[in-house]
Amino acid sequence: NRAWLWAGVTMGLGFLSKHTMVLIVPCVVLFLWLSPPYKVWLKRPQPYLAIGICLLLYSGVFYWNIEHHGWTFQHLFFLTKKVFGSPLKRFGDFVGSQAALLGPVLFIGTFVSCRWAWRLRTTPQDGSDPEPNWQYRFLVCCGLPVFLFFALLSIKTKVQGNWAPCTWLSLTVLWAGYLSLLAQDAPRKVLRTVVWATLTAGFITSIIVIPAFRVKLGIKIASTEDLSNTAYGWREMAGYVQKVRDRMAQEG
């Protein structure tokens, strides 16, 4: 019971930090619904009390929005209504952005570990029949549905790459668990995988954040497609905005 109360507190704090935290609710409900030993919690008050605690912690934001024309939610709905390009291109851009952020080895590896975790069967200590590993399935349910949600959303509208990092919080833990068990039988294979994941992630990160490195490699990206451009010019823009503000103040 205490664990559910703390879950509500942490969920509320997470919701205050990032609105995508709300996706944890359907993820946990999905896990409970698909897991016979835990499905009974759907009929108990503790999960719903946890959601109530979350909303209580978030109530200050609700009140502020009531007083300010719901600007927070208008902003969120505005972002999800913006449409750029074709549905197939938006979907490809989203998947590509996530593969680039994680590195292709880790990106593919997380889905491999999802398939492995869902098929895994373990024998309980009491010697009864093998059953699914519910801990690993919980990690799958807290990550994979989030990725699928944003993938479907990308068909409707533009999904920014920084919207879906919450996908990988549980799936990278699952990937680590998969590698730790695999290392018992094939340690060299695991070592090669980790080395390749580190090198490719480092290489892709360098290409993204160090434009001069791309130039030396002869990699050309159109200025309109180069996301690193958004990291520059803010100080100059702030200075210009301040000049406009000062002028407007002088003019009353």
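Guide: Contact means heavy atoms within 4.5 Å. This is a predicted model: local features need pLDDT of at least 70, side-chain atom pairs count only at pLDDT 80 or more, and totals for chains, interfaces and linings use all residues. Residues are numbered from 1 along each chain as its sequence is written, and side-chain values use heavy atoms, leaving out hydrogens and water.

Visitor: Which residues touch the most other members of the largest nonpolar core?
Guide: A nonpolar core joins buried Ala, Val, Leu, Ile, Met, Phe, Trp, Tyr and Cys through side-chain atoms within 4.5 Å. The largest one here has 28 residues. Those touching the most other members are Phe94, Phe107, Tyr136, Phe150, Val159, Trp168 and Leu174.

Visitor: Which element gives the most to this core?
Guide: Elements giving two or more residues are α5 (87-102), α6 (104-119), α7 (134-141), α8 (144-156) and α9 (168-182). Helices are DSSP runs of H or I, at least four residues, numbered from the N terminus. With six residues, the most comes from α9.

Visitor: How many residues are in the other core?
Guide: This core lies apart from the largest one. Trp4, Trp41, Ala50 and Cys141 are among its members. Its residue count is eight.

Visitor: Which residues does Val159 touch, not counting residues up to four places away in sequence?
Guide: Val159 belongs to the largest core. Its partners include Phe94 and Phe150, also members of that core. The full list is Phe94, Phe150, Leu153 and Ser154.

Visitor: Why does Thr20 count as buried?
Guide: Thr20 sits in the loop between α1 (2-17) and α2 (24-34). Buried means under 20% relative accessible area, exposed over 50%, partly exposed in between (1.4 Å probe, protein chains only). Thr20 is buried because its relative accessible area is 18%.

Visitor: Which residues is Thr20 in contact with, leaving aside neighbours within four places in sequence?
Guide: One partner is Phe150, a residue that Val159 also touches. The set is Phe150, Trp163 and Cys166.

Visitor: Is Gly161 buried or exposed?
Guide: Gly161 lies in the loop between α8 and α9. Its relative accessibility is 18%, so Gly161 counts as buried.

Visitor: Which residues does Gly161 touch, not counting residues up to four places away in sequence?
Guide: The loop between α8 and α9 holds Gly161. Its partners are Ser97, Gln98 and Leu101.

Visitor: How far apart in space are Gly161 and Gly85?
Guide: In sequence, Gly161 and Gly85 are 76 residues apart. In space, C-alpha to C-alpha, the separation of Gly161 and Gly85 is 16 Å.
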